[in-house]
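Here are my notes for a first look at this one. Have the structure open beside you and take the points in order.

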Amino acid sequence: MRPLLLALLVAGCGGGGAAVGTPLKDIAVATDVDADPKVVSVRLIAEAGTTEYLDGKPADVWVFRDAAAPAGTVPAPTIVARQGDLIVVTLENRLPVETTIHWHGLRLPIGADGSPTSQPPIQPGETYEYRFPAADVGTFWYHPHLRAHEQIERGLYGALVVLGDGEPQVAKDRTFVLDDVKLEASGKLSTETDLLDLMLGRQGNVLLVNGQRGEGIEVAQGTRERWRFVNAANGRYFNLALAGHSFLVIAWDGGLLPEPYRVDRLLIAPGERYEVLIDFDAPPAAALALQTLHHDRGHDVPDPGPKDVLHVAYGRAGEPAPALPGSWRSLTPTPVPAGTTVRTFTLDELDMPDGPVFFINDRVWPYDEPVMVRQGDLEIWEIDNQAEMDHPFHLHGMFFEVQSIDGQPPAHFGWKDTVNVPMQSKLRFAVRYEPQGMWMFHCHILEHAERGMMGELHVMPP
Ligand code: C2O
Ligand code: CU
Ligand code: CU
């Protein structure tokens, strides 16, 4: 790792900043333990640990600890690489249960995917090596793929950032991993799961940014920052707004967009990533906070009102932001010939006495039958969401291009690996089957996936 990159990714927490309250602590960058500048080698240990979501009240969590660090954190260290680097991660499992690491959004060989169809689970006491190239520039994340609703909730997740050449010039490049946790008054993770948790994905009562609650950052007036968001929550939708400021969306799951777009609100479904540029040129009269607003995700979930996610204070003036780049990523939609095969995936749910069950084409994972396709083929998937709620649909190992939502073309174009399919609607995307292997697809509301809404895609040789 080059020191310059490190500096880029570490947000400053010095400065005057009286107004921010407790400054948000940075997530550490994972230690690269080999000297080769083209190889990022990281040693992680999955083990029990503690963290204080509430001050002075430690919670028992599970962590991916950087073997070079004395203690683990939630989230796990951010793995940072440059496009083209080789990433090698050794995971030693010191948990009492089996686990894996899935590299969400990365295009990699099937043996490194970390799903139950790509490797045997890593048993307690065992070590497994993941080895894959950093193929694409963007913001990704990593998490277990066994009992993910439980293992991610307990703290096993981290961001993975791949940097490219010609990134936009910004004063700060910050990564915010968003989550929520359901805490007891003692500060410990609640062990209770109610029917609503099963229906919506476990709903936390405390919002977290980088594993912390209610913290703040200071921004230099007049500067431009790049904020990378990862939604690591089991089931919460974040619908972000920062009063008086807009977000220029420059990237999402599959990297930079050819045409960035400006919004006041940014909806991030579980599993998705977004990157925005923000110009801090509107010092607020009152306290400023990044908030999450209600998103109607179905089942008549009531509006709890805006909730603060992160406090933002203006500090002294910094270097004025340079002009925005005149051109962005050159990326054009894949032509989809008429007559391209359309596969339909119907999402549905059924209430059962011990909670809801979730279906794809009337099948409940693991009693599904793999979808068999040929490498190199381009096909359309129609995700037909007949349920009374939104489902964020995720496909492993490849990117897709959204073609339409209820017949209407999408407003923006870029590569996705996770997309929110609104309730009672049909979303179509085109996907070219690139790497061979048995890949998984599922709803990224983790309770839904574990309760059936998951399937397997077998990409066979051409
Ligand atoms: Cu982040 Cu199979 O998922
Ligand atoms: Cu994934
Ligand atoms: Cu779902």
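1. Start at the copper ion that is ligand 2, in what is a predicted model. Its protein donors are the NE2 atoms of His102 and His394, at 1.8 to 1.9 Å. These two come from distant parts of the chain: His102 sits in strand β5 (residues 102-104) and His394 in strand β24, 292 residues apart. Both His102 and His394 are buried.

2. Now move to the other copper ion, ligand 3. The protein contributes His391 (ND1), Cys443 (SG) and His448 (ND1) as donors, 1.9 to 2.1 Å from the metal. Read along the chain, the donors of ligand 3 have the spacing H-x51-C-x4-H. His391 belongs to strand β24 (residues 391-395) and His448 to helix α4 (residues 446-450), so this pair ties together parts that are 57 residues apart in sequence.

3. Are those two histidines of ligand 3, His391 and His448, buried or exposed? His391 has 0% relative accessibility, so it counts as buried. His448 is buried as well, because its relative accessible area is 0%.

4. Next, the charged pairs. The structure holds 29 salt bridges, and I'd pick out a few. One of them joins Glu92 to Arg43, with the closest N and O atoms 3.9 Å apart. Glu92 is in strand β4 (residues 86-93) and Arg43 in strand β1 (residues 39-54), so the bridge ties together parts 49 residues apart in sequence. Arg43 is partly exposed, because its relative accessibility is 35%. Don't look at this pair in isolation: a network of salt bridges links Arg43, Glu47, Arg65, Glu92 and Arg94.

5. Another salt bridge is worth a click: Glu275 with Arg226, at 2.6 Å from N to O. Glu275 lies in strand β17 (residues 273-279) and Arg226 in strand β12 (residues 224-231), so two parts 49 residues apart in sequence are tied together. Glu275 and Arg226 are both buried.

6. Strand β17 turns up again in the salt bridge between Arg273 and Asp253, where N and O are 3.7 Å apart. Asp253 is in the loop between β14 (247-252) and β15 (255-263), 20 residues from Arg273. Asp253 has 0% relative accessibility and therefore counts as buried. Arg273 is buried too, because its relative accessible area is 1%.

7. Stepping back to the whole chain: there are four helices and 29 strands. A compact globule of 462 residues would have a radius of gyration near 23 Å, and the chain's 21 Å agrees with that. Along the principal axes, the C-alpha atoms fill a box of roughly 60 × 50 × 50 Å. Of the 462 residues, 58% are buried. About 18,200 Å² of the chain is exposed, with carbon and sulfur atoms supplying 53% of that area.

8. How much of the contact map is long-range? Taking contacts between residues at least 6 apart in sequence, 76% join residues at least 24 apart.

9. Last, a word on confidence. The mean pLDDT is 94, and 96% of the residues reach 70 or more. Residues 1-18 are another matter: pLDDT stays under 50 there, and the model gives that stretch 26 contacts beyond four places in sequence.

Notes: Residues numbered from 1 in each chain as written. Chains lettered and ligands numbered in written order. Predicted model: local features only at pLDDT ≥ 70, side-chain atom pairs only at ≥ 80, totals over all residues. Heavy atoms only, no water. Donors = N, O, S within 2.8 Å, 3.2 Å for Na, K, Ca; no water. Buried < 20%, exposed > 50% of the residue type's maximum accessible area, 1.4 Å probe, protein only. pLDDT = per-residue confidence, 0-100. Contact = heavy atoms within 4.5 Å. Salt bridge = Lys/Arg side-chain N within 4 Å of Asp/Glu carboxyl O. Rg over C-alpha atoms; globule rule 2.2 N^0.38 Å. Areas by Shrake-Rupley, 256 points an atom, 1.4 Å probe, with all protein chains shown as cover.
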